[in-house]
Amino acid sequence: MLPGALPAVMVGVRLAVGRAVVGLIAAEMYVSVRGIGRLIQVYSTSERAAEIFVLVAVVASFGFLLVTLLRRIEIWLAPWSLER
């Protein structure tokens, strides 16, 4: 049963990673003294758009790399799921 469910489980993990990154940034905006989320909040109040775009690009790249890594792990764990 596990081999058949593994592709669906990995999709759930990939979706969870995306939400975790968003949650991390949101938590940093409100609680942290340092971090990317805090910098985004500080720069948004001082109207520094270029810095905000750079930080958002860093966060998006980090999320993309995590999802790509999880996709490769899924291919390694469940090569039969490629037939879809």
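This passage describes how the helices of a predicted model are arranged and how they meet one another.

The overall plan is a good place to start. The protein contains three helices and zero strands, and from the N terminus on its elements follow the order α-α-α. The radius of gyration is 17 Å, whereas the globule rule gives 12 Å for 84 residues; the value for the protein is well over that figure, so the protein is more spread out than a compact globule. The dimensions of the C-alpha trace can be read alongside this: along the principal axes, the trace spans about 55 × 25 × 15 Å. Of the 84 residues in the protein, 21% are buried. Contacts can also be viewed by how far apart the partners lie in the sequence. Among contacts with a separation of 6 or more, 45% join residues that are 24 or more positions apart.

The pairing of helix H1 with helix H3 comes next. H1 covers residues 2-30 and H3 covers residues 49-77, and the two pack at an angle of about 165 degrees, with 10 Å between their axes. Angles over 145 degrees count as roughly antiparallel, which means that H1 is roughly antiparallel to H3. The crossing of H1 past H3 is right-handed. On the H1 side, the residues that meet H3 are Leu6, Pro7, Met10, Val13, Arg14, Val17, Val21 and Ile25. Their partners in H3 are Val59, Phe62, Leu66, Val67, Leu70, Arg71, Ile73, Glu74 and Leu77. Sorted by character, the residues of this contact between H1 and H3 comprise 14 nonpolar and three charged ones, with no polar residue.

Helix H1 also packs with helix H2, which is formed by residues 36-45. Here the angle is about 60 degrees, and the axes of H1 and H2 lie 6 Å apart. H1 and H2 are therefore oblique to each other. H1 passes H2, too, in a right-handed crossing. From H1, the residues Ile25, Glu28 and Met29 take part, and they meet Ile36, Gly37, Arg38, Ile40 and Gln41 in H2. The residues of the contact of H1 with H2 divide into four nonpolar, two polar and two charged.

One residue links the two descriptions. Ile25 of H1 is listed in the contact with H3, and Ile25 is also listed in the contact with H2. In summary, H1 is roughly antiparallel to H3 and oblique to H2, and its crossings with H3 and with H2 are right-handed.

Technical notes
Residues are numbered from 1 along each chain as its sequence is written. This is a predicted model: local features need pLDDT of at least 70, side-chain atom pairs count only at pLDDT 80 or more; totals for chains, interfaces and linings use all residues. Side-chain values use heavy atoms; hydrogens and water are left out. Axes are lines fitted to C-alpha atoms, for helices over the stretch in contact, and angles run from 0 to 180 degrees between N-to-C directions. Helices (H or I, at least four residues) and strands (E, at least two) are DSSP runs, numbered from the N terminus. Angles under 35 degrees count as roughly parallel, over 145 as roughly antiparallel, 65 to 115 as roughly perpendicular and the rest as oblique. A crossing is left-handed if the near helix is turned anticlockwise from the far one by less than a right angle, and right-handed if clockwise. Contact means heavy atoms within 4.5 Å. Ala, Val, Leu, Ile, Met, Phe, Trp, Tyr, Cys and Pro count as nonpolar, Asp, Glu, Lys and Arg as charged, and the others, Gly among them, as polar. The radius of gyration is taken over C-alpha atoms; the globule rule is 2.2 Å times the number of residues to the power 0.38. Buried means under 20% relative accessible area, exposed over 50%, partly exposed in between (1.4 Å probe, protein chains only).
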